[in-house]
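Here's a quick tour of the spots you may want to pull up in the viewer. Have the sequence handy while you read.

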Amino acid sequence: MPTPQTQLEPAGAGAKVRTRLGLLALFLVALGLRLWPIDHGDGANYLADTHVVRSALGMAKDKDLVPKVGTYSTYPNLLPYALLPIYAGQYAIGRATGAWSGAGEYGNTLLERPALAHVPARVLVALLGALTALVAWKLAREAGFTAGAWFAGAFVALGLLHVHFSVQERPWAPLALFLLWSALHAGRAARTGSGRELVLSGAVAGLAFATHQGGLLALALPGIAWLVAPWRGAKLARRVRSGFSAVLAFALLGVAVGHPYLVAHGPTATEQVAAGEALAEMDGTSISVGGQAMRFAFSTDTLERLSGALFGYDPALVLLGLGGIALAARRRNLWPALLFAGGWGGFFLLHYNDHVRYLLPLAVFLALPAGAAAEWLWTKKPLRAVVVLALLFGLVQSLRLGHLLRQSDTRTLALAALAEDPPAVGLAVDVFGPEVPLDGPSLERLSQWRDLYAREWHRAAYYDAGVEPPSGAGFAAMPVDALLEFEIRRRSSWPAARHAGALLSLGPGPNEWFAALGLDEVLLVDRSPGDDLPPPLLDPGDPTSNLPKLPPLRVQPEPVWVIDPSRGATADEARLPTELNFALTDLWQVTRPGPRLERRRLAP
């Protein structure tokens, strides 16, 4: 009779077939959860940092596979390179079916229907995210776990944080895949001392580096394997050669498919690095690779916020993962993964830049000790319900996320409301608001304050030709982020440096500036409606802070209309489709993605 530990592991005749069927089921469940809400945003894109799409399209349009940093993106080139054949196939199918007659019409169609570019990129990320569950299974299986390997794969497949980032056309889920894949080869090298596996670990770590600059830390995985491998009396020369070969594989692959601009164009200037000039003025050490920089500064406040966010996304994964570390640490294969996860978590849980996305690799690696803990619980029949409930909890949370993302965004509803009652004079659109299609005079006004973006320029070309754009005449409106800058979490705002003089010449504050620009209404955005603070434009600021703050915008007391995603009582947070601060409750307090929106008339 099989022991309780092995009851989930096929045995005897047909074991390989059953294992393959199980892996197929694991992959399909993971992929289904990620594809179900893949068309979120109602054809628009409300996510930041999706410039891998712009980068791929820009490379194709300009026929330049090695553009300078910042031309289209500050991220490495691997994901744009992966998207190029996808867009080429999409273009070829469209030519064959008559959807477009050539490259120019294809480009115009993408500008008018951005989902045609963004959804294929999301599908690619979803596929890579689903594959991560299989890599987790393989790593745990090679470490000697049986049922625990299936549980580890399931924790990745069903984990809310991983599902959330696997439906976004951003580099974080692919980065997590390559880190875990590198850990698989590092684990083999740690167990056997294989130079080949060490080089493969370095090569896959290079793919992580080619996906995002944070992947530079992936070099630690073959490094840890090199340190702990049982070299069994191997000569120092062999050890050094193996380590050097792994580093060389990392560097060659990382530069070739991710950072070829380092060879073609040389070092990146400070002004081409995201927030580079601001980092240069700050205290502390920082390094930059390409268009992204990392500042070595730390804060204990981050630990409180991000540990809460991680628990809020995947409480069962966190509890079982922490509880299973001792069990997982008995398996030499998992030493590189566990030590790397400890270093990654220790760095980013204390780093001053407290973005939730930095937790994704940690969540993926926690699935390994969580699988070990779940296997131990599975051997205790009375405790099997704990494992089942843990997996079901992740499934329910991920299904809830998918359901919400499939609903119309509040910003989509706002555009419909504006179509029914267009602004008669002009509407100021708050930061994080909808991308309002502008009419001809509004585009002309906007072009005097900043360069038009691609879709704005495309609309303006129609007006210049005396033709109404296919999406309609547009609205008299102005995005306020063309004029103002915000640091919302610190309740700070100020005129954009390039416009400060011009704005202050119009009057002392936003009311006077907006009136001079022909704006008599505002669409206010509140992504934290339950924090008892007004939207940023109305917020008087923190009286104890020395940070800059604009005078609060004066508005009429009653809104023209309100679109609130809250489910019953006012939601604490309304940030979907972006990352959540405490998903455990945030998911159940809203009925749809998007922030709370209020349309108000300005007060005299």
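Let's start with R491, which is partly exposed because its relative accessible area is 23%, between the 20% and 50% limits for that label. This residue sits in the loop between β5 (484-487) and β6 (492-495), and its phi is near 60°, a positive value in a residue that isn't glycine. Keep in mind that this is a predicted model.

**Unusual backbone spots**

- As background, most residues other than glycine have a negative phi, and most peptide bonds are trans.
- F432 is another non-glycine residue with a positive phi, about 70° in this case.
- You'll find F432 in the loop between β3 and α21, and it counts as partly exposed because its relative accessibility is 36%.
- For a cis peptide bond, go to the step from L576 to P577, where omega is near 10°.
- P577 belongs to the loop between β8 and α25 (583-586).

**Salt bridges**

- The count for the model comes to 22 salt bridges.
- One of them pairs K138 with E142, with the closest N and O atoms 3.5 Å apart.
- K138 and E142 are 4 residues apart in helix α5 (residues 115-142), so about one helical turn separates them.
- Both ends are partly exposed: K138 has 32% relative accessibility, and E142 has a relative accessible area of 22%.
- That pair also belongs to a bigger picture, since K138, E142, R188, R196 and E197 are linked in a network of salt bridges.
- How far apart are the N and O atoms where the side chains of R455 and E435 meet? The distance in that salt bridge is 3.1 Å.
- The R455 and E435 pair links distant parts of the chain, 20 residues apart: R455 is in helix α22 (residues 454-464), and E435 is in the loop between β3 (427-429) and α21 (440-447).
- R455 is partly exposed at 28% relative accessibility, and E435 is partly exposed at 46%.
- E512 and R554 also meet through their side chains in a salt bridge, at 3.5 Å from N to O.
- E512 lies in helix α24 (residues 510-516) and R554 in the loop between β7 (521-526) and β8 (561-563), so this contact ties together parts that are 42 residues apart in sequence.
- As for accessibility, E512 is partly exposed with a relative accessible area of 25%, and R554 is partly exposed at 38%.

**The second largest pocket**

- This pocket has a volume of about 600 Å³.
- Its lining has 25 residues, and those nearest the centre are E112, E435, P437, R455 and S471.
- The elements giving two or more residues to that lining are α4 (103-112), α20 (410-420) and α22.
- Which element gives the most to the lining of the second largest pocket? It's α22, with 5 residues.
- By class, the pocket lining divides into 14 nonpolar, 5 polar and 6 charged residues.
- E435 and R455, two of the residues nearest the pocket centre, are also partners in the 3.1 Å salt bridge.

**Cavities**

- As a general point, rolling a probe the size of a water molecule over the atoms shows where empty space is left.
- The structure has 6 cavities of 30 Å³ or more.
- The largest cavity has a volume of about 100 Å³.
- Of the 13 residues lining the largest cavity, F155, G159, D314, A390 and G394 lie nearest its centre.
- α6 (147-158), α15 (315-323) and α19 (384-405) each supply at least two of the lining residues, and α19 gives the most, with 5.
- The lining of the largest cavity has 9 nonpolar, 3 polar and 1 charged residues.
- The second largest cavity holds about 70 Å³ of space, and its lining includes S55, K68, Y72, N77, Y261 and G291.
- That second lining divides into 5 nonpolar, 6 polar and 1 charged residues.

**A nonpolar surface patch**

- L216, I287, F296, F298, L303 and L350 form a nonpolar patch on the surface, with about 490 Å² of accessible area together.
- L216 is found in the loop between α9 (195-211) and α10 (220-228), and it is partly exposed, with a relative accessible area of 33%.

Notes: Residues numbered from 1 in each chain as written. Predicted model: local features only at pLDDT ≥ 70, side-chain atom pairs only at ≥ 80, totals over all residues. Heavy atoms only, no water. Patch = residues over 30% accessible without salt bridge, like charges linked within 9 Å, V, L, I, M, F, W, Y side chains within 5 Å. Areas by Shrake-Rupley, 256 points an atom, 1.4 Å probe, with all protein chains shown as cover. Salt bridge = Lys/Arg side-chain N within 4 Å of Asp/Glu carboxyl O. Buried < 20%, exposed > 50% of the residue type's maximum accessible area, 1.4 Å probe, protein only. 1 Å grid on protein atoms, 1.4 Å probe; cavity = no way out; pocket = protein on both sides within 12 Å on 5 of 7 lines; lining within 4 Å. Points joined across faces, edges and corners; volume = space filled by probe spheres on them. Nonpolar A, V, L, I, M, F, W, Y, C, P; charged D, E, K, R; others polar.
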